[in-house]
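Hi,

Here is the structure I said I'd pass along. Have a look at it first, and my notes on what turned up are underneath.

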Amino acid sequence: MYQAPRGTSDILPEEQAYRLYIEQKAADIARLYGYKRIDTPVFEDTELFLRGVGEATDIVQKEVYTFEDRGGNKLTLRPEGTAPVCRAYLEHGMQNLSQPVKLFYIEANYRYERPQAGRYREFRQFGYEAIGDSDPALDAEVIDMAWRFFVSMGINNLHLIINSIGCPNCRPQYLEKLKAYYTQGSQTLCNDCKTRLEKNPLRLLDCKNETCRLLASTAPRSYEHLCPECAEHYVNLKKFLSVLGLPYEVDHCLVRGLDYYTRTVFEIQPEIEGAQSTIGGGGRYDGLIEELGGKPTPALGFATGIERIAANLKRQNLPVPGLPGAVVLVAYLGEAAREAAVKLCGELRKSGCAALQASGGKSLKAQLRQANSAGVRYTVIIGDDEIKAGTVQLREMTTSEQKNVTPQELKEILLGK
Ligand code: AMP
């Protein structure tokens, strides 16, 4: 027996209500703030992610699905949405539009991670990206969108965590301080952090290891080492968050896993223990468009995982609206009635009424069972008598009330016509 590859899963019909509800809400919020949908290919040139996400990141080093196609092109399955959106922004000349350009996506992403609860190799994300403006009010807007989304879903006990990690002007000096601090305590660092100290010192701050966390708690804070421009941006960001009434908390250990972030970083976390508690996050990436060959273009974005949102909804027993199913099942008795049933089903569907045809050759009892398990409101029953009379029996499933109706009456009841 074949199984879905490790870290992937089928989204069965009963799960679709969650997915559609979340994606619809994501699109509703996007419309509310003027963000337009973009879809990018599921694979891109590998180079885009090397440059865009960063060669030193876990994602690029350990997690990308990279392959060569038959033409010898090196391609990578999209591990995240931001770099492709920026590539599309440049490719389609969006820098010539009025800025900022506001886009959103809903897509599947691929990362070769160790599968566990809330962490998969194929997962869905949606994200909002605002490109072409450095205004801290825009940072506050994107954070507000993210917050509003989760609040509108009914997810409770949320924490909004923010930090500012500076820019290429001030970060090198800060990193020197950070390195000096960690070099002193380097004997107690975990092995991963010993490498990070050399290659990616910012990531020392979000190591989950107990002793590393202790060191991080008293480490130098990036927001205390910002250049005047970044400091002003950070002060204004906090002001606008307050103006919007967003209850933010500052955490100097929040740095996020992707290389491209500058200044603002943020995460939204529900109140549960565990490494997979973050349900969404984002930040500014003012250097990314330039890194991809464009002119310097400030930008920021947010992304969240749809499976993790669904898990939170389930954990809180939050119901999602069911998907509309069929309204009526057409049952029949005998060969002549079968033909009439096929015809009626066709007519009902043509006029927009979702109709199911009873599966062939079964007793009436079995057909009514089929109607019950399909959850239809009505069953139409056609037998020889009905054919002769030119009518049908209409049964209301919850009350088991049954009456003879003409085709015209049937239409009035089922279609409100
Ligand atoms: P990131 O793109 O790593 O910043 O992740 C943003 C959000 O995407 C996270 O907060 C999760 O909700 C979700 N996410 C990231 N990686 C995975 C994964 N491997 N499986 C499921 N969801 C994920």
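Let me start at the ligand. Gly280 has a backbone N or O atom 3.4 Å from one of the ligand's oxygen atoms. Before you read too much into any distance here, keep in mind that this is a predicted model. Thr278 makes a similar kind of approach, with a backbone N or O atom 3.3 Å from a ligand oxygen. Gly305 also takes part through its backbone: one of its polar backbone atoms sits 3.0 Å from an oxygen atom of the ligand. As for how much of the ligand is covered, it has 480 Å² of accessible area on its own, and the protein covers 92% of that.

Which elements give two or more residues to the shell around the ligand? They are strand S6 (122–131) and strand S11 (299–305). S11 gives the most, with three residues. The ligand has 15 residues around it, and Arg111, Glu113, Tyr120, Gln125 and Arg256 come nearest. By type, the shell splits into five charged, six polar and four nonpolar residues.

On the overall layout, the domain assignment gives two pieces for domain 1, 13–170 + 226–315, while domain 2 covers 328–414. Taken over C-alpha atoms, the centres of domain 1 and domain 2 are 50 Å apart.

Next, the cysteines. How many disulfides does a search of the whole structure find? Zero. Cys230 might catch your eye, since the sulfur of Cys167, the nearest cysteine sulfur, is 3.5 Å away. A disulfide here needs the two sulfur atoms within 2.5 Å, so the pair doesn't count as one. Cys230 is buried, because its relative accessibility is 0%. Cys345 is in no disulfide either: its nearest cysteine sulfur belongs to Cys353, 9.0 Å away. Cys345 is also buried, at a relative accessible area of 0%.

A few backbone details are worth checking on your side. Most peptide bonds are trans, and most residues other than glycine have a negative phi. Against that background, Gln99 and Pro100 are joined by a cis peptide bond, with omega about -5°. Pro100 is in the loop that runs between helix H4 (82–91) and strand S5 (101–110).

Two residues have a positive phi without being glycine. One is Arg263, with phi near 55°. Arg263 belongs to strand S9 (residues 262–270), and its relative accessible area of 14% makes it buried. The other is Asn317, where phi is also near 55°. Asn317 sits in the loop between helix H11 (306–315) and strand S12 (328–332). Is Asn317 buried or exposed? Its relative accessibility is 66%, so Asn317 counts as exposed.

Two last spots. Arg284 lies in strand S10 (residues 280–284) and is buried, with a relative accessible area of 0%. A polar atom of the Arg284 side chain is 3.5 Å from the backbone oxygen of Ser134. Then there is Asn156, in the loop between helix H5 (136–153) and strand S7 (158–164). Asn156 is partly exposed, at 40% relative accessibility. From Asn156 to Gln316 is 160 residues in sequence, but 8.4 Å in space, C-alpha to C-alpha.

Shout if anything looks odd when you load it.

Cheers

Definitions and conventions. Residues numbered from 1 in each chain as written. Predicted model: local features only at pLDDT ≥ 70, side-chain atom pairs only at ≥ 80, totals over all residues. Heavy atoms only, no water. Buried < 20%, exposed > 50% of the residue type's maximum accessible area, 1.4 Å probe, protein only. Domains from an automatic or database assignment. Near = heavy atom within 4 Å. Polar contact = N/O pair within 3.5 Å; in protein donor to acceptor, adjacent residues only side chain to side chain. Areas by Shrake-Rupley, 256 points an atom, 1.4 Å probe, with all protein chains shown as cover. Helix = DSSP H or I, 4+ residues; strand = E, 2+ residues; numbered from the N terminus. Nonpolar A, V, L, I, M, F, W, Y, C, P; charged D, E, K, R; others polar.
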